[in-house]
Amino acid sequence: MEVNTQRRAAGLKEKIPDIQKTLEMVQFFQSRKPGSDPIETTFELNDTLYAKAVIPPTDEVYLWLGANVMLSYPVAEAETLLESKLSTAQQSLENCEEDLDFLREQITTLEVATARVYNWEVTMKRKDKSEHGEEDAEGETKRVLPNG
């Protein structure tokens, strides 16, 4: 359970910066005036491959939703969508961190309880030995039998 929560938190920590970058770009497009000059940029196609592009002022953006799905959104709607995704991801990350703290606390409590049960068992065995037998000088237990 702890490992699953850690994985979920790690995934969210990777996604949040990507969502923030995308949101910043959408906000940049929203701030551009309709008659402004096109922007020349270089963007990453893959780890080692980049392409140059000229981006004219636009009122729509394409968002990669995952699972090989990309959709076109008006800039204002894309901004709203990304803001909601960002806040949801941040809230989920906070929940994961709270869950991890709770799990760690519960694991500590369980370990302490297990140690107490083990110590109680050792104490009971010692008490049982002292009631049913006596130890000689070498530490071996002698059984005291009734009637002899």
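Ala, Val, Leu, Ile, Met, Phe, Trp, Tyr, Cys and Pro are counted here as nonpolar, Asp, Glu, Lys and Arg as charged, and the others, Gly among them, as polar. By this scheme, the lining of the largest pocket in the predicted model comprises 16 nonpolar, four polar and five charged residues. The pocket encloses about 920 Å³ of space. Its lining consists of 25 residues, of which Thr22, Tyr62, Leu63, Trp64 and Met70 are the closest to the centre. At least two lining residues are supplied by each of helix H1 (2–31), strand E1 (39–46), strand E2 (49–55), strand E3 (60–66) and helix H2.

The second largest pocket has a volume of about 220 Å³. Asp18, Lys21, Thr22, Met25, Thr42, Phe43, Glu44 and Tyr50 form its lining, which divides into three nonpolar, two polar and three charged residues. Helix H1 gives the largest share of this lining, four residues, and both H1 and E1 contribute at least two.

Confidence varies along the protein chain. The mean pLDDT is 88, with 89% of residues at 70 or more. Helix H2 (residues 75–132) has the highest mean, 94, and strand E6 (residues 141–143) the lowest, 54. Where pLDDT is low, the predicted coordinates should not be read in detail.

Four salt bridges were found in the structure. Arginine 104 takes part in a salt bridge with glutamate 2, at 3.9 Å from N to O. Because arginine 104 lies in helix H2 and glutamate 2 in helix H1, this pair ties together parts that are 102 residues apart in sequence. Arginine 104 also forms a salt bridge with aspartate 101, at 3.4 Å from N to O; these two residues are both in helix H2, three residues apart, or about one turn of the helix. Glu2, Asp101 and Arg104 are thus linked in a network of salt bridges. Each member of the network is partly exposed, with relative accessibilities of 25% for glutamate 2, 47% for aspartate 101 and 39% for arginine 104.

A further salt bridge joins glutamate 121 to lysine 125, with the closest N and O atoms 3.6 Å apart. Both residues lie in helix H2, four residues apart, about one turn of the helix. Glutamate 121 is partly exposed at 37% relative accessibility, whereas lysine 125 is exposed at 52%.

One aromatic pair was found in the whole structure. Phenylalanine 28 and phenylalanine 29 form this pair in a tilted arrangement, at 6.0 Å centre to centre and with 50° between the planes. Phenylalanine 28 is partly exposed, at 35% relative accessible area. Phenylalanine 29, at 13%, is buried, because the cut-off for burial is under 20%.

How values were computed. Residues are numbered from 1 along each chain as its sequence is written. This is a predicted model: local features need pLDDT of at least 70, side-chain atom pairs count only at pLDDT 80 or more; totals for chains, interfaces and linings use all residues. Side-chain values use heavy atoms; hydrogens and water are left out. pLDDT is the predictor's confidence in each residue, from 0 to 100. On a 1 Å grid over the protein atoms alone, a cavity is a set of points where a 1.4 Å probe fits but cannot get out, and a pocket is an open set with protein on both sides within 12 Å along at least five of seven lines; lining residues have an atom within 4 Å of a point. Grid points are joined across faces, edges and corners, and a volume is the space filled by probe spheres set on the points. Rings of Phe, Tyr and Trp (its six-membered ring) pair if their centres lie within 6.5 Å; planes under 30 degrees apart count as stacked, over 60 as edge-to-face and the rest as tilted. Buried means under 20% relative accessible area, exposed over 50%, partly exposed in between (1.4 Å probe, protein chains only). A salt bridge is a side-chain nitrogen of Lys or Arg within 4 Å of a carboxyl oxygen of Asp or Glu.
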